[in-house]
Amino acid sequence: MAFRRQDYFARIGFTGEPLPTLATLNALHQCHTATIPFENLDVLLGREILLDDDAIFTKLVEAGRGGYCFEQNALFTRALAECGFAVEALAARVLIAGPNDMPPRTHRLVQVTLDGAPWIADVGFGGATLSAPIPLQHGAEITGPEGRFRIESQQSEFLLMKEEGDDWHALYRFDQARQYPGDYLMANHFIAHWPDSHFRHHLLAALHPPGETPRKLLNNQLTVNGERRTLADDSAVYDCLQTDFGMRFNHPTHGVTRDDFCAMMAQLRRDNP
């Protein structure tokens, strides 16, 4: 299946001229994060996360589902390349949980070169996803509904920082080493199957509507406009994923029935008492 640019544009609601400019990059980034939700439902359902172009396009564009970084940023990278952007696939070590040891590279992001200068774009980091692309230079900052982000350089590596209260916290660290499909296949398999993976113990979803703080779901806890509430039951969570996060569940391959979803949530609680 060829990448159908117009279908992708329709999926994210982009109506501008697809020129390789900063304005286009910003618009595509905002449209993508506002319409294609971050979610890990297939991990919990025991479905394999396939990373070939056709599988990702079918799931995220045709089927109306979402995905996590290896799917989201792969789709975004392909879309940018189709628009004429110079892109490079990168990988990061996630630091958001404050690990004691240096973690493996388990996050995909993309470097975009504009007028000879590198920028970082990332549409797949859940509720802490960048609000817009950020210049890859020490001290660069952007501010959006999600808060303030900053790049810090450490020798040949970079840190993406996010402001939390009066402090700055590292989200992930990365360098500019080129990544290959096999690198992502191995990392994807690890985070989808490693018993201690965060993605195997929680239902996660996030969406970034324009001008709003991130819309987030953690199991049955829904946060909208900064206000958190507990959803009544598993059936309400199932409905919430469709109404609040725009997920479609009627696709023959990527759809999810209400009964299968409720059974999955029950199993999740048994595994995580």
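This section describes helix packing, selected loop residues and one strand residue in a predicted model.

Helix α1 spans residues 5-12. Within α1, the buried residues are Y8, F9, R11 and I12. These four residues cover an arc of only 160° around the axis, and they therefore lie on the same side of α1. An α-helix has 3.6 residues a turn, so residues three or four places apart point the same way. The other side of α1 carries Q6 and A10, both of which are exposed. The cover over the buried residues of α1 includes α2 (22-35), α4 (53-62) and α5 (69-82). Just after α1, G13 adopts a positive phi of about 80°.

Helix α4, which forms part of the cover of α1, is itself mostly covered, with 7 of its 10 residues buried. The buried residues of α4 are A55, I56, F57, T58, K59, L60 and V61. They pack against α1, α3 (41-45) and α5. A glycine with positive phi follows this helix as well: G64, just after α4, has a phi of about 75°.

The packing of α4 on α5 has an angle of about 100°, and the two axes are 10 Å apart. Angles of 65 to 115 degrees count as roughly perpendicular, and α4 and α5 are therefore roughly perpendicular to each other. On the α4 side the contact is made by D53, I56, F57, K59, L60 and V61, and on the α5 side by F70, E71, Q72, A74, L75 and R78. Classified by residue type, the contact of α4 with α5 comprises 7 nonpolar, 1 polar and 4 charged residues. Among the α4 residues that are buried are I56, F57, K59, L60 and V61.

Helix α5 also packs against α2, at an angle of about 150° and with the axes 12 Å apart. The crossing of α2 and α5 is right-handed. Residues L25, L28, H29 and H32 of α2 meet Q72, L75, F76 and L80 of α5. The contact of α2 with α5 contains 5 nonpolar and 3 polar residues, and no charged residues. Q72 and L75 of α5 take part in the contact with α2 and also in the contact with α4.

A further helix pair is formed by α7 (residues 234-243) and α8 (residues 258-271), which pack at an angle of about 120° with their axes 9 Å apart. The two helices are therefore oblique to each other, and their crossing is right-handed. Helix α7 contributes D234, S235, V237, Y238, D239 and L241 to this contact, and α8 contributes R258, F261, C262, M265, A266 and R269. The residues of the contact of α7 with α8 fall into 7 nonpolar, 1 polar and 4 charged.

The loop between α7 and α8 contains F245. F245 has a relative accessibility of 0% and therefore counts as buried. Setting aside neighbours within four places in sequence, F245 is in contact with P37, A205, A206, L207, R215, K216, L217, L222 and C240. Of these contacts, C240 belongs to α7 (residues 234-243), while R215, K216 and L217 belong to β11 (215-218) and L222 to β12 (221-224). F245 is separated from Q6, on the exposed side of α1, by 239 residues in sequence and by 22 Å in space, C-alpha to C-alpha.

Two asparagines in loops also have positive phi values. N219 lies in the loop between β11 and β12, and its phi is near 60°, a positive value in a residue other than glycine. N225 is placed in the loop between β12 and β13 (227-230). Although N225 is not a glycine, its phi is positive, at about 55°. N225 is exposed, with a relative accessible area of 51%.

Strand β2 (residues 86-94) includes V87. V87 has a relative accessible area of 25% and is partly exposed. Not counting residues up to four places away in sequence, V87 touches T77, L80, A81, V110, Q111 and V112. One of these, L80, also takes part in the contact of α5 with α2. V87 and A74 are 13 residues apart in sequence, with a C-alpha to C-alpha distance of 11 Å in space. A74 is one of the α5 residues in the contact with α4.

Note on methods: Residues are numbered from 1 along each chain as its sequence is written. This is a predicted model: local features need pLDDT of at least 70, side-chain atom pairs count only at pLDDT 80 or more; totals for chains, interfaces and linings use all residues. Side-chain values use heavy atoms; hydrogens and water are left out. Buried means under 20% relative accessible area, exposed over 50%, partly exposed in between (1.4 Å probe, protein chains only). The arc is that of the directions from the helix axis to the C-beta atoms. Contact means heavy atoms within 4.5 Å. Axes are lines fitted to C-alpha atoms, for helices over the stretch in contact, and angles run from 0 to 180 degrees between N-to-C directions. Angles under 35 degrees count as roughly parallel, over 145 as roughly antiparallel, 65 to 115 as roughly perpendicular and the rest as oblique. A crossing is left-handed if the near helix is turned anticlockwise from the far one by less than a right angle, and right-handed if clockwise. Ala, Val, Leu, Ile, Met, Phe, Trp, Tyr, Cys and Pro count as nonpolar, Asp, Glu, Lys and Arg as charged, and the others, Gly among them, as polar.
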